[in-house]
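Reader: I am new to this structure and would like to go through it step by step. Could you show it to me, please?

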Amino acid sequence: MATPDTLRLSRIPLTHGSGALPAVGFGTLIPDPLATQHAAKTALEVGFRHLDCAERYRNEDAVGDAMQAACKAGTIRREDIFVTTKLWNTNHRPERVKPAFDASLRRLQLDYVDCYLIHTPFAFRPGDEQDPRDERGQVIYDSGVTLVDTWRALERLVDDGHCKSIGLSDITLETVREIVAAARIKPAVVQVESHPYLPEWDLLDFCREHGIVLLAFAALGHGLSPRVLDDPVITSIARRVRKTPAQVALAWAVQRGTAFLTTSTKPGNIQGSFEISTLPEDAMQEIREGITENVRFNSVVDTGVPGFIPRAS
């Protein structure tokens with residue numbers, strides 16, 4: 001009898017937090033709340049056990065509704081789901097961190113989250129306007145707080161017991177180094193754009209050395225050009241192993257030791273993204289050595305402005 005392939009069920013224990021992060025995760029950056037609720041419900045039904053959320057996405061309540069429905073139906077328990085959400089840039093001042101965290105808890109209808117990330121290392125002017133701009137349309141940053149100040153406030157959330165782990169997002173290796181050096185509670189997770197065109201090997205090596213999970217968003221390149229899923233190395237492997245190019249790219253992410261996020265509102269795509277299988281070692285080597293394209297699709301690491309979230313009109 002063939003041994004079942006369990007790659008899709010992989011979990012990565014958190015060195016600097018409690019529990020283990022499912023390597024296969026579903027991102028909830030979906031503009032329409034009703035579509036968010038349906039997509040999150042479908043993701044849970046097909047087997048996803050990590051939901052990645054954010055205050056900035058403005059749909060945490062829809063994700064909360066989907067989780068509540070699944071739990072009430074008896075198909076899943078809260079402790080089976082790993083929930084990540086994020087502190088937005090306008091709430092970096094220490095006195096704003098806990099109120100922002102508590103508001104996310106209320107919207108998600110939870111009494112704890114498994115991981116809370118600083119969405120970007122850039123502080124914006126504090127206030128209710130998530131995208132503060134001056135008369136020239138330029139972002140208004142906040143020079144009155146440091147990232148270490150914000151990190152200390154996140155550490156206190158862990159102390160309070162309603163946050164199981166903390167981490168960073170949309171960040172460079174240099175800045176991760178600074179937080180690791182200053183931290184009392186080290187980051188459990190670092191979430192960055194990563195895919196075969198942006199493998200972030202140096203950051204991954206640093207994370208491995210310090211017991212940090214690298215969580216890849218835009219794991220399929222968000223369909224932008226040049227398209228990761230059209231790469232001849234990926235498509236050749238897909239034909240050989242009888243999987244889709246997307247399944248090849250996602251399996252690669254897990255096998256090299258990272259977790260990933262994928263997002264869709266289409267049930268077939270959600271199902272397909274979960275149904276990954278282990279790639280042969282020669283395929284892993286081909287991807288590492290045969291793909292030379294290097295592309296970052298999201299400039300958020302330079303500005304703090306996520307490239308995939310539309311500005312409020």
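Author: What follows is a short conversation about this model, which is a predicted one.

Reader: Thank you. How many helices and strands are there in the protein chain?

Author: The protein chain holds eleven helices and ten strands.

Reader: And what does the C-alpha trace span along its principal axes?

Author: The spans are about 55 × 45 × 40 Å. The radius of gyration of the protein chain is 19 Å, which agrees with the value near 20 Å that a compact globule of 313 residues would have.

Reader: What percentage of the residues is buried?

Author: Of the 313 residues, 54% are buried. As for the surface, the protein chain exposes about 13,700 Å², and 49% of that area is supplied by carbon and sulfur atoms.

Reader: What about contacts between residues far along the sequence?

Author: Taking contacts between residues at least 6 apart in sequence, 75% join residues that are at least 24 apart.

Reader: Let us turn to pockets. What volume does the largest pocket have?

Author: Its volume is about 710 Å³. The largest pocket is lined by 35 residues, and those closest to its centre are A218, H222, L261, T262 and T263.

Reader: Which element supplies the largest share of that lining?

Author: That element is α9, with three residues. Each of α8 (245-255), β10 (259-262) and α9 (267-274) supplies at least two residues of the lining.

Reader: How many of the lining residues are nonpolar, polar and charged?

Author: The lining of the largest pocket has 18 polar, 13 nonpolar and four charged residues.

Reader: Staying with α9, which of its residues are buried?

Author: They are I270, G272, S273 and F274. These buried residues pack against β3 (24-27), α1, α8 and β10.

Reader: You listed A218 at the pocket centre. Where does A218 lie, and is it buried or exposed?

Author: A218 lies in the loop between β9 and α7. With a relative accessible area of 7%, A218 falls under the 20% cut-off, so this residue is buried. Phi of A218 is near 55°, a positive value in a residue other than glycine.

Reader: Why point out the sign of phi?

Author: Because most residues other than glycine have a negative phi. E200 is also not a glycine and has a positive phi of about 55°. E200 lies in the loop between β8 (189-193) and α6 (201-209).

Reader: What about the peptide bonds, then?

Author: Most peptide bonds are trans. S225 and P226, however, are joined by a cis peptide bond, with omega about 0°. P226 sits in the loop between β9 (213-217) and α7.

Reader: Back to pockets: how much space lies in the second largest pocket?

Author: About 150 Å³. The elements giving two or more residues to the lining of the second largest pocket are α1 (33-46) and α2 (60-72). Its lining residues include K41, L44, E45 and R49. By class, this lining has six nonpolar, one polar and three charged residues.

Reader: One last residue: where is T244, and how accessible is T244?

Author: T244 lies in the loop between α7 (232-241) and α8. Its relative accessible area is 38%, which lies between the cut-offs of 20% and 50%, so T244 is partly exposed.

Reader: And how far apart are T244 and M67?

Author: T244 and M67 are 177 residues apart in sequence, and in space they are 29 Å apart, C-alpha to C-alpha.

Definitions and conventions: Residues are numbered from 1 along each chain as its sequence is written. This is a predicted model: local features need pLDDT of at least 70, side-chain atom pairs count only at pLDDT 80 or more; totals for chains, interfaces and linings use all residues. Side-chain values use heavy atoms; hydrogens and water are left out. On a 1 Å grid over the protein atoms alone, a cavity is a set of points where a 1.4 Å probe fits but cannot get out, and a pocket is an open set with protein on both sides within 12 Å along at least five of seven lines; lining residues have an atom within 4 Å of a point. Grid points are joined across faces, edges and corners, and a volume is the space filled by probe spheres set on the points. Helices (H or I, at least four residues) and strands (E, at least two) are DSSP runs, numbered from the N terminus. Ala, Val, Leu, Ile, Met, Phe, Trp, Tyr, Cys and Pro count as nonpolar, Asp, Glu, Lys and Arg as charged, and the others, Gly among them, as polar. The radius of gyration is taken over C-alpha atoms; the globule rule is 2.2 Å times the number of residues to the power 0.38. Buried means under 20% relative accessible area, exposed over 50%, partly exposed in between (1.4 Å probe, protein chains only). Contact means heavy atoms within 4.5 Å. Accessible areas come from the Shrake-Rupley method with a 1.4 Å probe; for residues, only the protein chains shown count as cover.
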